[in-house]
There are 2 protein chains.
Amino acid sequence: MQVKEAAAAARQAAYALAQLTHEQRIAALQGMAQALKAHAQVIFAANREDMQSAQAENLTAPLMRRLKFDERKLQDVITGLFSLSGLPDPLGQTTLARELTPGLNLYRVSCPIGVIGVVFESRPDALVQIASLCVKSGNAVLLKGGREALRTNRALMAALTEGTKGILPDGWGALLETREDVTDMLSQDQSIDLIIPRGSNAFVRYIMDHTHIPVMGHADGICHTYVDASAEVDMAVRVVVDAKTQALAVCNATETLLVHRDIAPAFLPVCASALKEKGVELRGDDETRQIMDCLPATDADWATEYLDAILSIKIVGSVEEAIRHINRYGSHHTDAIIASDETAQRRFLAGIDSAGVYVNCSTRFADGYRYGFGAEVGISTGKLHARGPVGLEGLCTYKYHLLGSGQTVEDTVTGKIQYTHRDLD
Amino acid sequence: MQVKEAAAAARQAAYALAQLTHEQRIAALQGMAQALKAHAQVIFAANREDMQSAQAENLTAPLMRRLKFDERKLQDVITGLFSLSGLPDPLGQTTLARELTPGLNLYRVSCPIGVIGVVFESRPDALVQIASLCVKSGNAVLLKGGREALRTNRALMAALTEGTKGILPDGWGALLETREDVTDMLSQDQSIDLIIPRGSNAFVRYIMDHTHIPVMGHADGICHTYVDASAEVDMAVRVVVDAKTQALAVCNATETLLVHRDIAPAFLPVCASALKEKGVELRGDDETRQIMDCLPATDADWATEYLDAILSIKIVGSVEEAIRHINRYGSHHTDAIIASDETAQRRFLAGIDSAGVYVNCSTRFADGYRYGFGAEVGISTGKLHARGPVGLEGLCTYKYHLLGSGQTVEDTVTGKIQYTHRDLD
């Protein structure tokens, strides 16, 4: 398949998708669910082949688990499709209604972005989630999954295509198969409105540096937890252990622990022993190492996303110093303070320049499902459009409808008509 | 001045600006107004020098009018500062409040974007408007105005700096002076969050192609007016004349007129004579030229922003054909339909992929002031973040505050706590 043609077809499909009713889009999601059930055995067979190849290539156990697509995963994606069907229509929502001058009314109405290119990791269930989020929000989509899941993805895409035939316009979704396809996609700025890359830092940076199409996503996830002088030690230990160890190779895991000087002697040894029990390697600055035994942290540690059982630790003298460190070395993803003092909490909330700023809870909560968004297409550390976990709303934009009865600007200049700027109900 | 240092200072200032209260930001706007009054004679003197140089360089009369900064312009910008002061605070607005699990509450709160770089045209009053919009929304700003207004801009910036001393953090605003400064700014992606370029197509495209910083703006303004078969001829003529001639060198002027075949014989001759009276050169497709006498339009005309007294005309067979033409050749800025038939209106509103889609009114209404936004920093034809005229809201982003009492993700996995996802009042 030629990427250029697929992108051009998606562009045309997007214009048709934007005009479908919510009922038609719901019918498409339900058609997807039915076709996935009907194609189950073909999909499982394709997945078994992918799993065998992966085994032959010695994929790690966690990757193998993500690659697997069985009866349970099928049930999960079908449940997801029905719950997505039930969410309110994100399109056609009026977020501003204003009379500009009598008989001339302005409305800001939500609408699809258009054509989205998504590059995602090895989980084949992600294909169904992303495709269905795009359809619910009226967007056409180009999908590129992990190489090791290609057979499964082909089978899934065949099912989705069949299940939506006659409901969605041809070209609404296409599967890209190779790295070259991704490269080709980056130059289709005439047809593609937004690229959402998920994957390694290096990969996301490569995408950002090689396209003029807007990119939404995150390259790094250098999250911090700061334990203030006013923290409850027990809570701080529990939250830090969760933030570091509940999952390791995830963007919302805490990579650096900042500890207020005053609480360090009481907190650090307890926390260190809890973390070591979970097999975490600790790397501390000089002051940390005067309190407890650990490897030395260098400046490079502050700027590193380990994605592993490693935690860097630094002592700070104030919440302001913690804020400065985080804004300088962090990746503007998610950062937490553990504190009882409300002034410290407030300063942290106002001062941290990140998509998520948390008080007394684990950075691991940064996730579209946990936020109640149904699902997410990605997490954005950019500041424009959507920030943090991106769900249906982030896949929509708006346009202004201005409805008149022959008004001209000249008549406002001559004073024949006057601006009222009156908000409408 | 070194741009890198100014950008880094703006970055630090942005962190402080984000923490100012609305009262403090209002005080800054009022301090600006006072200082402008106090510096009036110095500013006028600087402007007279700019005007003399411009005259020596034979600037056109319209450009000279835009360059002029006199008592009347001063009154306008001061009125603007006070009306901006009175607008509601765009920051700290909670747009989502949700209990994730008992005691763990998620809030989406509006906050400044951070550091904005704005490149604007010769009007010196734009400097005050842009700087004040940025301050009201808590953003630091780097400003680059027209070369011919440099002395005026320096005097204005000196006044704004003095008027906000002790209220705003140092580095909140800086004036860039040369083209090289703009080039230097494009590489400061560590410090600058957003660039808003205003100016010629070629210039905006150059900016978009030479920076990894997000750019918000518009390169082209190829706006259309489509006259449907169901249009009232009188209204259509009045609106088309306004859309083409009310101002010429503006992005929201209509550049191509599409006319339904059935109304062309009744409409075109009347409209053509009204336009010719205003000195507009008409270029028509073959079918147009069978109805009336005009120059031939080529394919290049459909993709040209004249910014001049020229209008291209094409006959179409349906609203769908008009939509296809506009989505293909337009610049997704603002497009209008003149029609009585509600089905045609509805199809046009849904089918046109532009920031503004108008019914029975002039494309010239696409403007932040006319929309009641107070003012605008620019008009965006991109689909992400802000679309159309960008006012205060478009200068803000949001962050998620998650306030807990020790919650961990592990406890949700073991079932010790459950997600409720209950919207809060």
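Trainee: Why does Arg151(B) count as partly exposed?

Mentor: In this predicted model, Arg151(B) has a relative accessibility of 33%, and since partly exposed covers the range between under 20% and over 50%, Arg151(B) belongs to that class.

Trainee: What makes the contact of Arg151(B) and Glu49(B) a salt bridge?

Mentor: The N to O distance between their side chains is 3.4 Å, and the cut-off is within 4 Å, so the pair qualifies as a salt bridge. The two residues belong to distant parts of the chain, with Arg151(B) in helix α7 (residues 150–163) of chain B and Glu49(B) in helix α3 (residues 40–56) of chain B, 102 residues apart. Glu49(B) is partly exposed as well, with a relative accessible area of 41%.

Trainee: Is Arg198(A) buried or exposed, and how do you know that?

Mentor: Its relative accessible area is 14%, and buried means under 20%, so Arg198(A) is buried. Arg198(A) also forms a salt bridge with Glu121(A), where the closest N and O atoms are 3.2 Å apart. That pair links distant parts of the chain, 77 residues apart: Arg198(A) is in the loop between β6 (194–197) and α9 (201–209) of chain A, while Glu121(A) is in the loop between β3 (115–119) and α6 (125–136) of chain A.

Trainee: What does the salt bridge of Asp220(B) and Arg205(B) tie together?

Mentor: The side chains of Asp220(B) and Arg205(B) meet at 3.5 Å, N to O. Asp220(B) lies in the loop between α9 (201–209) and β7 (223–227) of chain B and Arg205(B) lies in helix α9 of chain B, so the salt bridge ties together parts that are 15 residues apart in sequence. As for exposure, Arg205(B) has a relative accessible area of 44% and is therefore partly exposed.

Trainee: How many salt bridges are there over all chains, and how many are counted between chain B and chain A?

Mentor: A search of the whole structure finds 50 salt bridges, and the count between chain B and chain A is six. Among the individual pairs, Asp353(A) and Arg11(B) meet at 3.8 Å, N to O, and with a cut-off of within 4 Å this pair therefore still qualifies. There is also a network of salt bridges that links Arg11(A), Asp193(A), Asp353(B), Lys383(B) and Arg387(B).

Trainee: What describes the size of the interface between chain B and chain A?

Mentor: The size of an interface is often given as the accessible area lost when the parts come together. Here chain B and chain A bury about 6,100 Å² between them, 56% of it on carbon and sulfur atoms. Phe365(B), Leu384(B) and Tyr400(B) supply 11% of the area that chain B buries against chain A, more than any other three residues. Counted by contacts, 73 residues of chain B touch 72 residues of chain A.

Trainee: Why is strand β12 of chain A described as largely enclosed?

Mentor: Five of the five residues of β12 (residues 334–338) of chain A are buried, so the strand is largely enclosed by the rest of the structure. Both of its faces are covered, with Thr334(A), Ala336(A) and Ile338(A) on one side and Asp335(A) and Ile337(A) on the other.

Trainee: How do you know that β12(A) pairs with β7 and with β13 of chain A?

Mentor: Pairing needs at least two bridges. Strand β7 (residues 223–227) of chain A is joined to β12(A) by four bridges in parallel, with Val227(A) partnered by Ile338(A). Strand β13 (residues 356–361) of chain A also pairs with β12(A) in the parallel sense over four bridges, and there Ala336(A) stands opposite Tyr358(A).

Trainee: What makes β5 and β6 of chain A edge strands?

Mentor: They belong to an open sheet of four strands with parallel pairing, in the order β5-β4-β3-β6 (chain A). Strands β5 (173–176) and β6 of chain A each pair on one side only, and the twist averages 15° from one strand to the next. Within this sheet, four bridges join β4 (residues 140–144) of chain A to β5(A), one of the partnerships being that of Leu142(A) with Ala174(A). Helix α7 (residues 150–163) of chain A lies across β4 and β5 of chain A, running at about 170° to β5(A).

Key
Residues numbered from 1 in each chain as written. Chains lettered and ligands numbered in written order. Predicted model: local features only at pLDDT ≥ 70, side-chain atom pairs only at ≥ 80, totals over all residues. Heavy atoms only, no water. Buried < 20%, exposed > 50% of the residue type's maximum accessible area, 1.4 Å probe, protein only. Axes fitted to C-alpha atoms, helices over the stretch in contact; angles between N-to-C directions. Contact = heavy atoms within 4.5 Å. Buried area = accessible area lost by both parts, 1.4 Å probe.
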